[in-house]
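Biologist: Could you take me through the metal sites in this one, slowly and atom by atom? I'd like to know what holds each ion and where the ligating residues sit.

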Amino acid sequence: MRIDLHTHSRVSDGTDAPALLVRKAAAVGLDVVALTDHDTAAGWSEATEAARDAGVTLVPGMEISTVDGHRSVHLLAYLLDPTYPPLAEELARILAGRSARVPVMVDRLRRLGVDISVDDVVVESSDAAASGRPHVADALVRLGVVRDREEAFDRYLGAGRPAFIERYAADLHTMIRHVKAAGGVTVIAHPWGRSRREQPDEAGFAVLKAAGLSGIEVDHQDHTPEQRARLRAIARELDLVATGSSDYHGTGKTQHDLGVNSTSPEDYRELMERAVDAAAASGRDVPQVSR
Ligand code: AMP
Ligand code: ZN
Ligand code: FE
Ligand code: FE
């Protein structure tokens, strides 16, 4: 059984429509795939329907933009009720923050001599719940300013680069509690990816577990083999589920092909059991897995 618990469609910053992503997942031999677009459940119904036809199990999820102090943390959430008001309000605030930042980034780029408009960005995010930096990057590619998203982040959009603009993100601890109250389970996405410091450490994960965290994404392309071994040991020590996934973005990210990392059937089963418990405790109407 092959299980991939982290993918993005055109509903956020991936390049495949949700149904196409699901069909590709089936074609590469995945049995279970989670759709985890940034801060939105907008792709769930299309993906669920496609999964039924393709004979794969679709786990509805999302990757929520949060902060822990000053550190940006991506929080994977699965099988939650996205209409739970405190959570829905936070998601709306995050998406609004994304949209509000686009004109500011465009303005920065124009001051840097790049002839780009807000419309150039909006064209790239026509199917998305909101425009993110990757859509600005796609506009820069289309305009011939950079070769690919990677170069756009390196030159302009990455943290500390000249067109980088902060945006709103939700408090991590609050979000873990909201997702639990919404009947879902949470996993910290690529915790040690892209950052210089390996935080949270074991003590930090223990605090998050106490707040209701269910798992750690261990096998991710941004982690070295040594980091994966250490994160797996922390997960085992703290009784957190260890997941593995591709963080597929279609052609938007190289080396993140569907199924490039996967979650063991045992960890998957444990995560689903915790989701059943959270759903029962919440009393909310949560989505079911499609098979
Ligand atoms: P945003 O949420 O709009 O700030 O954009 C962050 C998203 O951009 C991440 O979730 C990644 O999907 C993508 N991203 C971040 N860094 C890079 C990079 N260096 N190259 C390509 N995509 C990136
Ligand atoms: Zn993304
Ligand atoms: Fe992420
Ligand atoms: Fe992601």
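Modeller: Happy to! Start with the ions themselves: 4.4 Å separates the iron ion (ligand 4) from the zinc ion (ligand 2), and the iron ion (ligand 3) lies 5.7 Å from that zinc ion. Bear in mind that this is a predicted model, where local features need pLDDT of at least 70, side-chain atom pairs count only at pLDDT 80 or more, and totals for chains, interfaces and linings use all residues. Residues are numbered from 1 along each chain as its sequence is written, chains are lettered from A and ligands numbered from 1 in the order written, and side-chain values use heavy atoms, without hydrogens or water.

What coordinates the iron ion (ligand 4)? His 6 and His 8 each offer NE2, while Glu 63 gives OE and Asp 247 gives OD, at 2.1 to 2.3 Å. Donors here are N, O and S atoms within 2.8 Å of the metal (3.2 Å for Na, K and Ca), and since water is not among the atoms, sites may look incomplete. Along the chain, the donors of this iron ion follow the spacing H-x1-H-x54-E-x183-D.

Why is the arrangement around the iron ion (ligand 4) irregular? Its four donor atoms subtend angles of 74 to 161°, and that makes it so. For reference, four donors are tetrahedral if all angles lie between 85 and 135 degrees; four are square planar and six octahedral if opposite donors are over 155 degrees apart and all others between 65 and 115; anything else is irregular.

As for the surroundings, His 6 has 0% relative accessibility and therefore counts as buried (under 20% relative accessible area; exposed is over 50%, partly exposed in between; 1.4 Å probe, protein chains only). His 8 is buried too, at 0%, and Glu 63 is buried at 1%.

Glu 63 turns up again at the iron ion (ligand 3), where its OE joins ND1 of His 74 and NE2 of His 190, at 2.1 to 2.2 Å. The spacing for this site reads E-x10-H-x115-H. Glu 63 belongs to strand β3 (residues 57–68), whereas His 190 is in the loop between β6 (185–188) and α8 (202–211), so the pair ties together parts 127 residues apart in sequence. Those helices (H or I, at least four residues) and strands (E, at least two) are DSSP runs, numbered from the N terminus. His 190 counts as buried because its relative accessible area is 14%.
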